[in-house]
Amino acid sequence: MFVPSDSSIGFFGILKLEMPPYAVVDENVRLAKVALRPGAGNMVSGILRKLLLLKENNSLPLPKLEGDDHAQARALATIYSHPVWMVRRWRKYFGLEEAMKLLIWNNSDPSYSLRANIRKGFTRLDLVERLKILKAPHD
């Protein structure tokens, strides 16, 4: 199936950002009409509405981990949004199970660390107090 680049933006908005469907479809149809041609809006609308239907029915197709190493790497690259070359390298060095753990970890939200700059007279207690004032979660 041919999917213009405007639809891929819509796919991301629907699947990852969980934006309101009407807003995603409307915005991407308008983008397609401007970027491609007026008739492209109908095609983008149809593709995104089909995606919404599949999502609502929990029937989104995922690539299957079958075939040779390259086919499996392509499937993992698609599922976890990584380049195929990276997936192949990680599978080679770490094995399938560890590579999948690394792919999942690499897509998780990052953690943050702060350090009090004691050279400038800012202690850990000062930092904790500032975080409390800002109502920022901390340990």
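Is F12 buried, partly exposed or exposed, and at what relative accessibility? In the predicted model examined here, F12 counts as partly exposed because its relative accessibility is 47%, a value that lies between the limits of 20% for buried and 50% for exposed residues. F12 lies in helix 1, and together with L17 and M19 this residue makes a nonpolar surface patch of about 300 Å².

The confidence of the prediction bears on how this region is read. Over the whole chain the mean pLDDT is 87, with 95% of the residues reaching 70 or more. Among the elements of the chain, helix 1, which spans residues 5-15, has the lowest mean pLDDT, at 71, whereas helix 5, comprising residues 84-106, has the highest, at 95. Over residues 1-6 the pLDDT is below 50, although this stretch has 13 contacts in the model beyond its near neighbours in sequence. Where pLDDT is low, the predicted coordinates should not be read in detail.

The loop between helix 4, which covers residues 69-80, and helix 5 holds H82, and S81 lies in this loop as well. The two residues fall into opposite classes of accessibility: H82 is buried, with a relative accessible area of 9%, which is under the 20% limit for that class, while S81 counts as exposed because its relative accessibility is 56%, a value over the 50% limit. The side chain of H82 reaches the backbone oxygen of Y80 at 2.7 Å. When residues up to four places away in sequence are not counted, H82 touches A77, V87, W90, L103, N106 and N107; of these partners, V87, W90, L103 and N106 fall within the residue range of helix 5, and A77 falls within that of helix 4.

Backbone geometry sets S81 apart in another respect, since this residue has a positive phi of about 55° although it is not a glycine. A positive phi, of about 50°, is also found at N58, which likewise is not a glycine. N58 is placed in the loop between helix 3, made up of residues 40-56, and helix 4, and it counts as exposed because its relative accessibility is 74%. Both residues with this backbone feature are thus assigned to loops that adjoin helix 4, N58 to the loop between helix 3 and helix 4 and S81 to the loop between helix 4 and helix 5, and both count as exposed.

Methods. Residues numbered from 1 in each chain as written. Predicted model: local features only at pLDDT ≥ 70, side-chain atom pairs only at ≥ 80, totals over all residues. Heavy atoms only, no water. pLDDT = per-residue confidence, 0-100. Helix = DSSP H or I, 4+ residues; strand = E, 2+ residues; numbered from the N terminus. Contact = heavy atoms within 4.5 Å. Patch = residues over 30% accessible without salt bridge, like charges linked within 9 Å, V, L, I, M, F, W, Y side chains within 5 Å. Areas by Shrake-Rupley, 256 points an atom, 1.4 Å probe, with all protein chains shown as cover. Salt bridge = Lys/Arg side-chain N within 4 Å of Asp/Glu carboxyl O. Buried < 20%, exposed > 50% of the residue type's maximum accessible area, 1.4 Å probe, protein only. Polar contact = N/O pair within 3.5 Å; in protein donor to acceptor, adjacent residues only side chain to side chain.
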